[in-house]
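Hello,

Here is the structure I promised to pass on. Please open it first, then read my notes below.

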Amino acid sequence: MSALPLVIDTDTGSDDAVALLLAAASGMGDIRAVTTVAGNVPVETGTRNALISLQTAGRSDIPVYAGCQRPMTRALSSAQHVHGQDGMGDIGLPDPLGAPQGVHAVEVLLSLPRRHPGELTLVTLAPLTNIAAALLRDPLLLSRFRHVYCMAGAADLAGNVSPTAEFNVWADPEAARVVTQAATPDKVTWIGWDVSRRDAVMTPADQRRLEQIGTPMATFAHHINRTVADWARDVTGLAGYDLPDPVAMAVALMPELVIEEEQAYVDIATDGLTRGQMVIDRRVTAPPPNLTLVRRVDEAGFKELLFDTVAAPAR
């Protein structure tokens, strides 16, 4: 099977970094570009982390492009209290050898699918600011990709940053709303925090296995998630830390991992206590669906992909 041509948009914190390892080192992804955006950390920090992650995977050749520095209409609210000030567990990672390209991420998101119509799969692991900015210039953008997979939302309305919202959508709900209004379910799939919370939790046993693998990628993946593990214990109450971005990437690479999904009409709340909440209309009288929502994945299959990928020596 040939590798899947990918464009990845990321606010690279610790779980994004693991997702980049899956795409870059599993042999299943052919990454044409990585674009970065403010979210988990400021965009400069996320760009640094993307370069470090690709270098760890032995893929410093993949170009990285920095994008939007703040949400569309709001000040940046980062998740550094979750991922560490550097977004990677504050373990003192050295600077990457490479540097980002000199082109803005939004320009790349506009130009690449025009040059390769219907060929590229877009995977977003971040607030949707870059994507919305590109959509405002090209309303047909999403249709130019083969498919678009977004780690976004919480379809069961159980949030991680608020009672009902997932961080990527909460961080820039206006951008998420632009995307939902342009989306169609045949082109756009969201994999939410509800999936991660159910099917992508790294239990203590999983964490020990990751640590014992001992390769550079496995050690990297284990160490950078140490502050997330503390936050998961103290805030979300999970039996370990979860990996929302890696499970979204796994769905893009292996759609057969999906064991439950639905199509629905989704809008996004932008104000007050419900900021970032998915408003899902499942009534018979609802507007036509605009998103495919993944609800469950094969946990064992996802973890097998993760462990097999990080066990390999980096190229």
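**What the pocket is made of**

The lining of the largest pocket divides into 10 nonpolar residues, five polar and five charged. Please keep in mind that this is a predicted model.

That pocket has a volume of about 280 Å³. Its lining counts 20 residues. Nearest the centre lie Asn40, Val82, His83, Asn160 and Phe167. Five elements each give two or more residues to this lining: α1 (14-25), α3 (80-83), α7 (167-171), α12 (226-236) and α13 (244-253). Which of them gives the largest share? It is α3, with three residues.

**A buried helix**

α13 deserves a look of its own. 10 of its 10 residues are buried, so α13 is largely enclosed by the rest of the structure. The buried residues run through Pro244, Asp245, Pro246, Val247 and Ala248, then Met249, Ala250, Val251, Ala252 and Leu253. Recall that α13 also gives two or more residues to the pocket lining.

**The cavity**

Next, the enclosed space. How many cavities of 30 Å³ or more does the structure hold? There is one. About 30 Å³ of space lies in the largest cavity. Two strands give two or more residues to its lining, β6 (188-191) and β11 (291-297). The full set of lining residues is Ala152, Ala155, Trp190, Ile191, Gly192, Asp194, Met278, Leu293 and Val294. Seven of these are nonpolar, one is polar and one is charged.

**Two helix pairs**

Two packed helices are described by the angle between their axes and the distance between the axes. Here are two pairs to find on screen.

- α1 packs with helix α2 (residues 43-56) at an angle of about 40 degrees, and their axes are 9 Å apart. That angle makes α1 oblique to α2. The crossing of these two helices is right-handed.
- Helix α5 (residues 129-137) packs with helix α8 (residues 173-182) at an angle of about 55 degrees, and their axes are 8 Å apart. That angle makes α5 oblique to α8. Here α5 passes α8 in a left-handed crossing.

Note that α1 turns up twice in this email: in the α2 pair and among the elements of the pocket lining.

**Three loop residues**

Most residues other than glycine have a negative phi. Two residues to check have a positive one.

Asp90 has a phi near 55 degrees. Asp90 lies in the loop between α3 and α4 (105-115). Is Asp90 buried, partly exposed or exposed? At 37% relative accessibility, Asp90 counts as partly exposed, because the partly exposed class runs between 20% and 50%.

Leu157 has a phi near 65 degrees. Its place is the loop between β5 (147-151) and α7. Leu157 is partly exposed too, with a relative accessible area of 33%.

The third residue is Gly214. Where is Gly214 found? Look in the loop between α10 (204-213) and α11 (216-224). Gly214 has a relative accessible area of 47%, so this glycine is partly exposed. Now find Val310, 96 residues from Gly214 along the chain. The C-alpha atoms of Gly214 and Val310 are separated by 9.0 Å.

Over to you. Start with the pocket, then turn to the cavity, the helix pairs and the loops.

Best wishes

Conventions
Residues are numbered from 1 along each chain as its sequence is written. This is a predicted model: local features need pLDDT of at least 70, side-chain atom pairs count only at pLDDT 80 or more; totals for chains, interfaces and linings use all residues. Side-chain values use heavy atoms; hydrogens and water are left out. On a 1 Å grid over the protein atoms alone, a cavity is a set of points where a 1.4 Å probe fits but cannot get out, and a pocket is an open set with protein on both sides within 12 Å along at least five of seven lines; lining residues have an atom within 4 Å of a point. Grid points are joined across faces, edges and corners, and a volume is the space filled by probe spheres set on the points. Helices (H or I, at least four residues) and strands (E, at least two) are DSSP runs, numbered from the N terminus. Ala, Val, Leu, Ile, Met, Phe, Trp, Tyr, Cys and Pro count as nonpolar, Asp, Glu, Lys and Arg as charged, and the others, Gly among them, as polar. Buried means under 20% relative accessible area, exposed over 50%, partly exposed in between (1.4 Å probe, protein chains only). Axes are lines fitted to C-alpha atoms, for helices over the stretch in contact, and angles run from 0 to 180 degrees between N-to-C directions. Angles under 35 degrees count as roughly parallel, over 145 as roughly antiparallel, 65 to 115 as roughly perpendicular and the rest as oblique. A crossing is left-handed if the near helix is turned anticlockwise from the far one by less than a right angle, and right-handed if clockwise.
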